[in-house]
Amino acid sequence: MANNLQESKGADLLSATTITLGTDGNYFDITGTTTIDFINSTGYQAGSRVTLQFDGILTVTHGKAGATGAQVNITLDAAADKTTAAGNTLTLTYDGTTWRETGGAGGGGGGMDPEIAATVQVVGY
């Protein structure tokens, strides 16, 4: 491998109850405001990583029950739904059974581990 990892931006995706990620990249702009409950896992294997960048406000649901077929639920930090805003990102890694949050920026719910956050203090200069 060279000095950097070259990843690709896929086609924009319209938000839906179940989104189907393309296989044309691993970075996707999500348009629309429909709540996302599941991700279709077709074309992805355990260890796959994607980043979703949101163009607006929507909710990504944590651990929604009722996935069928290729639908896979989403496990988010702090076991809480996320409300996005324009420009927020969410990085997910597929473990073969669920997409797990492994990074991102912005969005309510989730984020820093609450036990760690409870011990963080802001110190002035």
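**Strand pairing, core and ring pairs**

L14 stands opposite T31 in β3. That places the starting point of this description at the β1-β3 pairing, where two bridges join strands that run parallel. The other residue to mention here is L13, whose bridge partner in β3 is I30. Everything below refers to a predicted model.

Zooming out, the chain holds ten strands and one helix. Along the sequence the strands come as an unbroken run of β elements, with the helix at the end: β-β-β-β-β-β-β-β-β-β-α. Eight of the strands make up an open sheet with mixed pairing, and the order across it is β1-β3-β5-β9-β10-β7-β4-β2. At its edges sit β1 (13-14) and β2 (18-20), each of which pairs on one side only. As a general point, strands in a sheet are held together by backbone hydrogen bonds, and the pairing can be parallel or antiparallel. One step in from β1, β3 is joined to β5 by four bridges, and these two strands run parallel as well. Within that pairing, Y27 faces T51 of β5.

Now for the overall numbers. The chain has 125 residues, and 32% of them count as buried. Its accessible surface comes to about 7,000 Å², with 52% belonging to carbon and sulfur atoms. As for contacts, taking those between residues at least 6 apart in sequence, 52% join residues at least 24 apart.

What does the largest nonpolar core look like in terms of residues? It has 20 of them, and those with the most contacts inside it are L21, I30, V50, L52, F54, L92 and W99. Four strands, β3 (27-31), β5 (49-54), β7 (71-75) and β9 (89-94), each supply at least two residues of this core. I30 thus turns up twice, as the bridge partner of L13 and in the list of core residues with the most contacts. F54, also on that list, has a fair number of neighbours to name: leaving aside residues up to four places away in sequence, F54 touches I30, I36, V60, T84, A85, A86, G87, N88, T89 and L90.

Over in strand β9 lies T91. Is T91 buried or exposed? T91 counts as buried because its relative accessibility is 14%, and the cut-off for buried is under 20%. With residues up to four places away in sequence again left out, T91 touches R49, V50 and T51 as well as R100, E101, T102, G103 and G104. T51 is the residue that stands opposite Y27, and V50 is one of the core residues with the most contacts.

Finally, the aromatics. The structure holds two aromatic pairs. One of them is formed by Y44 and W99, an edge-to-face arrangement at 5.5 Å centre to centre with 70° between the planes. This pair links distant parts of the chain, 55 residues apart: Y44 is in the loop between β4 (38-40) and β5, while W99 is in strand β10 (residues 99-105). Both Y44 and W99 are buried. Through ring pairs, Y44, Y94 and W99 are linked into a cluster. W99 therefore figures in the cluster and, with I30, V50 and others, among the residues with the most contacts inside a core defined by side-chain atoms within 4.5 Å.

Methods. Residues are numbered from 1 along each chain as its sequence is written. This is a predicted model: local features need pLDDT of at least 70, side-chain atom pairs count only at pLDDT 80 or more; totals for chains, interfaces and linings use all residues. Side-chain values use heavy atoms; hydrogens and water are left out. Buried means under 20% relative accessible area, exposed over 50%, partly exposed in between (1.4 Å probe, protein chains only). Contact means heavy atoms within 4.5 Å. Accessible areas come from the Shrake-Rupley method with a 1.4 Å probe; for residues, only the protein chains shown count as cover. Two strands pair if DSSP finds at least two bridges between them. Rings of Phe, Tyr and Trp (its six-membered ring) pair if their centres lie within 6.5 Å; planes under 30 degrees apart count as stacked, over 60 as edge-to-face and the rest as tilted.
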